[in-house]
Structure formats: C-alpha cells, structure tokens
Amino acid sequence: MKKTLRPESLMMSHGFKPELSEGSIKPPIFLTSTFVFKTAEEGKAFFELAYGIRQKEQEEELGLIYSRINNPNLQILEERLCLWDKTDDCAIFESGMSAISTVFLEFLKPGDLLVYSSPTYGGTDHFIHDFLDLIGIHSIGVTVNDSKEDIIKRISDSGLSPKLGLVYLETPANPTNDLFNISMFREIADHFQTKDRHIPLAVDNTYMGPIWCSPTDHGADLVIYSATKFIGGHSDLIAGAVLGSTGLMGRLKVMRTFLGNMASPHTCWLLLRSLETLKVRMEQQTKNAQLVAKALITHPKVKKVNFLGLLSERDKNHELFMRQYSSPGTMISFELYGGEKEAFACLNKMKLVKLAVSLGSTESLAQHPASMTHIGIKPESRQKLGITESLIRLSVGIEHHEDLIADLFQAIED
Ligand SMILES: *Cc1c(COP(=O)(O)O)cnc(C)c1O
C-alpha cells in the first residue's frame, strides 16, 4: 500500500510538473497576464467552469485563462498550502487583510450579525468598526472571559440571531497569548444554525499555523493566514491565504476574481520557496522561544512573561492549550517593572533584535503594543486586556539562542 507522504516531503514538488516547463526543477515565474487557448472550444470549456455554468467532469481541471482568475504560480502554491491544513482548496491573496476583508464581504450582507473574538488584529478591528458598521453589518465582540452561555445569551438578546452570518476567531490573542476555544465557538455557531443555514466559523491561524494548529480539526470551516508572517517568513513580502471546503472556497474565489485581490506570480513564487523551509524554521524558532522565555523570567527587572510554554498544569488554559496546539509557538510578551520609559529604553538598546512590528520571520523582532500595534485601542480597554505601558512583544527568530538572550539582557539592564 502506498504510504501517504507527509507535507514537508511534498513541499518541494507537489503540484508542479517539470515536463511542462522545459524540465526545470523549480517552477519558473509565470509573468503573463493571459493564456493562449488551443481552440475556441477549449476557451469556452474553461470559462464554463470558471463561471460555474457547469460542474467539472471527472479528472477535468480548470485550464489557465487570465492571471486574475488563475496562474501557475498561484495554483501550485494553493495546492501546496492545502497539504498542511488538509483542506480541499485554498485562495491566496495580496495581503492578510485582503484575505480577511474578502471573507467578511463574501459571508456577511447588510443587516447580518458578526460575532468576533476581542482583541483582534488592529486592521481586522478597524474593518469591523469603520467599514462593516457603516454598511449595516452588526457585530458582537467577545473575550476569553465570556462563557458559552454568556455568548449565546448576548446573541439571543441582540434580537439578531436569525441574522448570524459568521463567527470569527483569532487565537492565540495578540499580544497576550490568551486562548479562545475553537470547538466551543463551533457549538455556539451550531446552536444558531437552521436546517438550511450553516453558520461558518473562520479562524485567523496566523500565530500558530499551519504547523502547530489545524483549526479544521476543531470544527472551523475557514482557516485564514497573514502569509506575510510565518509562511513568508523572511520579512520580504505581504500576502494572505484562506483555506476550506470546495463549496465555501468556490464562493470566496468568485469574490476574489471580482475584487481582483489575488497575489502576483512573483509573490507566489517567493512563497513557494518559503514553504520548503516552513517547518524547519518554525521548529527552530519555537526551540529558541522556549529558551528565551525561560531566561526572561529569571531576570529581576522582568515582572511578567506571557508565553504558552510557561503555562502550568494548574492554569485555566492548560487543558485547552494541550488540546488545540502542538507547540507553544514563538510569540512572547513580557512586562518590565516601570512603564513606557523603561520599555522604550529596553527597545532602544536591543541590537540583534530589531525594533519593528510584524512577526514570524527568521529575524527576531520586538515592539511596544501600547504605542504601536494596539495604539488604536482605548487606554482603559488596553489595561483590561493586559496591554500595559511596560509590555514588550517579541517574535523569536532563528538566531543562536544565547546571542538572543545576551542581547535582551544587556537591553533590560539599567
Ligand atoms: C499581520 C496580521 C494580519 C494582517 O496581515 P497582513 O499580511 O499584514 O495584511 C492579520 N491577522 C494577524 C493575526 C496578523 O498578525
């Protein structure tokens, strides 16, 4: 019996036929806007599939038409990314925000209700409050402290439960590493579904995926990534991805065709290169993060370290962490004694660790959430979420851990 190869074994070749490209071992970059049809009949057959006018015959594949609809680099990348999350289909976008906003635009209509986890990525939060709100899409934000019963009651009390269109989660929460229970939100979505209306659950898996968490195993319908982060992994591109079943992805891809926000062939080619090393990069990053977090808690000027690898068995999140994730990841946030002054002094003294937003890259990055990524959140809410003035967020890269620890310690001193 043929043993199924693991995703890391397929990342160098899956979905690419060298014989179609002069035998080149790697896919060339297909810098072309359009594709020549062999015959008019062939062109017609491709368009019928692209516009959903008829179903695919067995073994039939959608032919290449026009690079806003499909392109070899885009397609090979989509097929490879599906292997990690074990989904039918994937759509690559020109940014993570583009992936997220296209999901909202496809699955929510004016009058609908969105339930989302708070805090969420700043751009997502802005889109919900400064755009969806204006076009009459209602939203309810829920936190890790809300129980299943509380959330069901809030949705019912809003009077909008028949209009619940999408449940959207981002977990672990940024920058505090609080955890949302994906299967609990599946139950909440199912509580409001009807015979002819399934309520999709979408999970932004940027922080832990695709290696350490597969949201579809816990009941998610759509998995979303900012591919700018781990998947790209080298701080040299912006991209996004959504994965899910053929039915939902078919809808999303039609929306993408008409918004025209697919990634370019060049970006897809860079991502294909990145995917080959995704697993080894993430594994090295998490090894480093565990050593860095353990060192940070011993420093007398460090008040608190948020890192999933430091959860004790008594922690309320421990059981959920073990069930939902296979690694503590690479994201650490830590508080110093003091306030903004102490945090800034530390950030300004780091040399190896770069002062920049973003995460998941080969180089370690640090930033100050209260004045940077989370500046848009009201100070009282920030305090409640644990985003204090002395909190620093750290994304750990692949440098030598001893060099990282030495750099952080010299920056924290005096
Ligand atoms: C960065 C990020 C995004 C946005 O992605 P872009 O590629 O910057 O558009 C969305 N969600 C999370 C969790 C992120 O970290």
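1. Helices and strands in this note are DSSP runs, at least four residues for a helix and at least two for a strand, numbered from the N terminus. With that naming, Lys86 is placed in the loop between α3 and β1 (89-93). Please keep in mind throughout that the model is predicted.

2. The backbone of Lys86 deserves a careful look, since Lys86 has a positive phi of about 50 degrees although it is not a glycine. As background, most residues other than glycine have a negative phi. Is Lys86 buried or exposed? Lys86 counts as exposed, because its relative accessibility is 59% and the cut-off for that word is over 50%.

3. Ser358 is another residue to check in this respect, with a positive phi of about 85 degrees although it is not a glycine. Ser358 belongs to the loop between β10 (354-355) and β11 (365-367), and at 24% relative accessibility it counts as partly exposed.

4. Two peptide bonds should be inspected as well, and the background here is that most peptide bonds are trans. A cis peptide bond joins Ser118 and Pro119, with omega at about 5 degrees, and Pro119 is found in the loop between β2 (113-117) and α5 (122-132). A cis peptide bond also joins Thr171 and Pro172, where omega is about -5 degrees, and Pro172 sits in the loop between β4 (164-170) and α7 (182-191).

5. Turning to the ligand, which residues are closest to it? The ligand is surrounded by 13 residues, and the closest are Met97, Asp204, Ser226, Thr228 and Lys229. By class, this shell consists of five nonpolar, five polar and three charged residues. Helix α4 (residues 96-107) gives the most to the shell, with three residues.

6. Several contacts with the ligand can be followed atom by atom. A backbone N or O atom of Met97 lies 2.8 Å from an oxygen atom of the ligand, and a polar side-chain atom of Lys229 is likewise 2.8 Å from an oxygen atom of the ligand. In the case of Asp204, an N or O atom of the side chain is 2.7 Å from a nitrogen atom of the ligand. The protein covers 93% of the 380 Å² of accessible area that the ligand has on its own.

7. On salt bridges, the general idea is that side chains of opposite charge can pair when their charged atoms come close. How many salt bridges does the model have? The count comes to 19 salt bridges, where the cut-off is a side-chain nitrogen of Lys or Arg within 4 Å of a carboxyl oxygen of Asp or Glu.

8. One of these salt bridges joins the side chains of Lys26 and Glu276, at 2.6 Å from N to O. Lys26 lies in the loop between α1 (7-10) and α2, whereas Glu276 lies in helix α9, so the pair ties together parts that are 250 residues apart in sequence. Lys26 is partly exposed at 34% relative accessibility, and Glu276 is partly exposed with a relative accessible area of 29%.

9. The side chains of Arg186 and Asp221 also meet in a salt bridge, at 2.7 Å from N to O. This pair links distant parts of the chain, with Arg186 in helix α7 and Asp221 in the loop between β5 (201-204) and β6 (222-226), 35 residues apart. Both Arg186 and Asp221 are buried.

10. A salt bridge within one helix is the pair of Arg323 and Glu319, whose closest N and O atoms are 2.9 Å apart. Because they are four residues apart in helix α10 (residues 318-324), Arg323 and Glu319 are separated by about one helical turn. Arg323 itself is partly exposed, with 36% relative accessibility. Elsewhere, Glu78, Asp89, Lys253 and Arg256 are linked in a network of salt bridges.

11. On the surface, Phe47, Tyr51, Ile53, Val254 and Phe258 form a nonpolar patch, and together they have about 530 Å² of accessible area. Tyr51 is located in the loop between α2 (40-50) and α3 (72-85), and with a relative accessible area of 48% it is partly exposed.

12. A last point concerns Arg281, which lies in helix α9 (residues 265-296). Arg281 is buried, because its relative accessible area is 5% and buried means under 20%. Arg281 and Thr194 are 87 residues apart in sequence, and their C-alpha atoms are 43 Å apart in space.

Definitions and conventions. Residues are numbered from 1 along each chain as its sequence is written. This is a predicted model: local features need pLDDT of at least 70, side-chain atom pairs count only at pLDDT 80 or more; totals for chains, interfaces and linings use all residues. Side-chain values use heavy atoms; hydrogens and water are left out. Patches are made of residues with over 30% relative accessible area and no salt bridge: like charges are joined within 9 Å, nonpolar side chains (Val, Leu, Ile, Met, Phe, Trp, Tyr) within 5 Å. Accessible areas come from the Shrake-Rupley method with a 1.4 Å probe; for residues, only the protein chains shown count as cover. Buried means under 20% relative accessible area, exposed over 50%, partly exposed in between (1.4 Å probe, protein chains only). A residue is near a molecule or strand if one of its heavy atoms lies within 4 Å of it. A polar contact is a pair of N or O atoms within 3.5 Å; within protein, one must be able to donate a hydrogen and the other to accept it, and residues adjacent in sequence count only if both atoms are side-chain atoms. Ala, Val, Leu, Ile, Met, Phe, Trp, Tyr, Cys and Pro count as nonpolar, Asp, Glu, Lys and Arg as charged, and the others, Gly among them, as polar.
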